[in-house]
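These notebook entries record what I looked up in the structure, entry by entry. I began with the pairing of strands and then turned to single residues.

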Amino acid sequence: VDILKPTIDISQGQGSSIRITATDETQIEYITYRIDDGEEIRVNKNNEDDTRIEYAVTDLPRGEHTLYVTAVDSSGNFETDENPVIVSSDRPTITGLSIDNENGRIIIEAADVDGIASIEVNLNGAVYRMEDVNRTEATFSLNLQEGTNTISIKITNVNGLSVEGATEFDYAV
């Protein structure tokens, strides 16, 4: 007698896709899902003996949504799960990189449509981190050394998408 409920795993895919994985120890029958208050969609198993259904929900509209999933096994046991998901395919950008010769500083400007989570800068081997930025734009500056300067920047947005850049340049007082 099968009394165990199926398990559901919901994970963020690339860009605007969400992966649903439903697993049962005996036989999975089908899953249903819906986004927010939308239409419920049924996904049947592929083969009679399947114990797993994997399905990618694609083309979700941009923004924050709630995904509701129900998995049903062949004995009628079911499990439901709801998961908030944030969809954004926009990566953060480095909007400006300039030298303030008067003060001997490099000025870094960054932006993201949904918000910047963190900025990590490696300037000449020293690492500077800004955590929990939570703004759509950020500007900061660091002191330069005379001669060759090497900089790498990694900006991560609130959706977990990041952009990286690196350059080397000469600075003279």
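**Entry 1. Strand pairing.** I looked up the partners of strand 2 in this predicted model. Strand 2 pairs with strand 5, residues 52-57, over six bridges in the antiparallel sense. Within this pairing I noted that I20 stands opposite Y55 of strand 5.

I then turned to strand 1. Six bridges join strand 1 to strand 2, which covers residues 18-23, and the two run antiparallel. I looked up two positions of this pairing: Q12 stands opposite I18 in strand 2, and S11 has R19 of strand 2 as its bridge partner.

**Entry 2. The sheet.** In what order do the three strands form the open sheet? I recorded the order 1-2-5, with antiparallel pairing. Strand 1 and strand 5 are the edge strands, each of them pairing on one side only. On average, neighbouring strands of this sheet are turned by 15° against each other, direction ignored.

**Entry 3. The segment before strand 1.** I next looked up I3, whose place is in the segment before strand 1, a strand that spans residues 7-12. Is I3 buried or exposed? I entered I3 as exposed, because its relative accessible area is 67% and the cut-off for exposed is over 50%. I3 also belongs to a nonpolar surface patch, which I3 makes together with V1 and L4. I noted an area of about 410 Å² for this patch.

**Entry 4. T32.** I located T32 in strand 3, residues 28-35. The relative accessible area of T32 is 9%, and buried means under 20%, so I entered T32 as buried. Which residues does T32 touch, not counting residues up to four places away in sequence? I listed E40, I41 and R42, and also Y68, V69 and T70.

**Entry 5. S118.** I found S118 in strand 9, which runs over residues 105-123. Why is S118 entered as buried? S118 has a relative accessible area of 12%, and the limit for buried is under 20%; therefore I entered S118 as buried. Not counting residues up to four places away in sequence, S118 touches M130, E131 and V133, as well as K154, I155 and T156.

**Entry 6. Review.** I set the three residues side by side: T32 is buried at 9%, S118 is buried at 12%, and I3 is exposed at 67%.

Terms used:
Residues numbered from 1 in each chain as written. Predicted model: local features only at pLDDT ≥ 70, side-chain atom pairs only at ≥ 80, totals over all residues. Heavy atoms only, no water. Helix = DSSP H or I, 4+ residues; strand = E, 2+ residues; numbered from the N terminus. Buried < 20%, exposed > 50% of the residue type's maximum accessible area, 1.4 Å probe, protein only. Contact = heavy atoms within 4.5 Å. Patch = residues over 30% accessible without salt bridge, like charges linked within 9 Å, V, L, I, M, F, W, Y side chains within 5 Å. Areas by Shrake-Rupley, 256 points an atom, 1.4 Å probe, with all protein chains shown as cover. Salt bridge = Lys/Arg side-chain N within 4 Å of Asp/Glu carboxyl O. Pairing = 2+ DSSP bridges. Axes fitted to C-alpha atoms, helices over the stretch in contact; angles between N-to-C directions.
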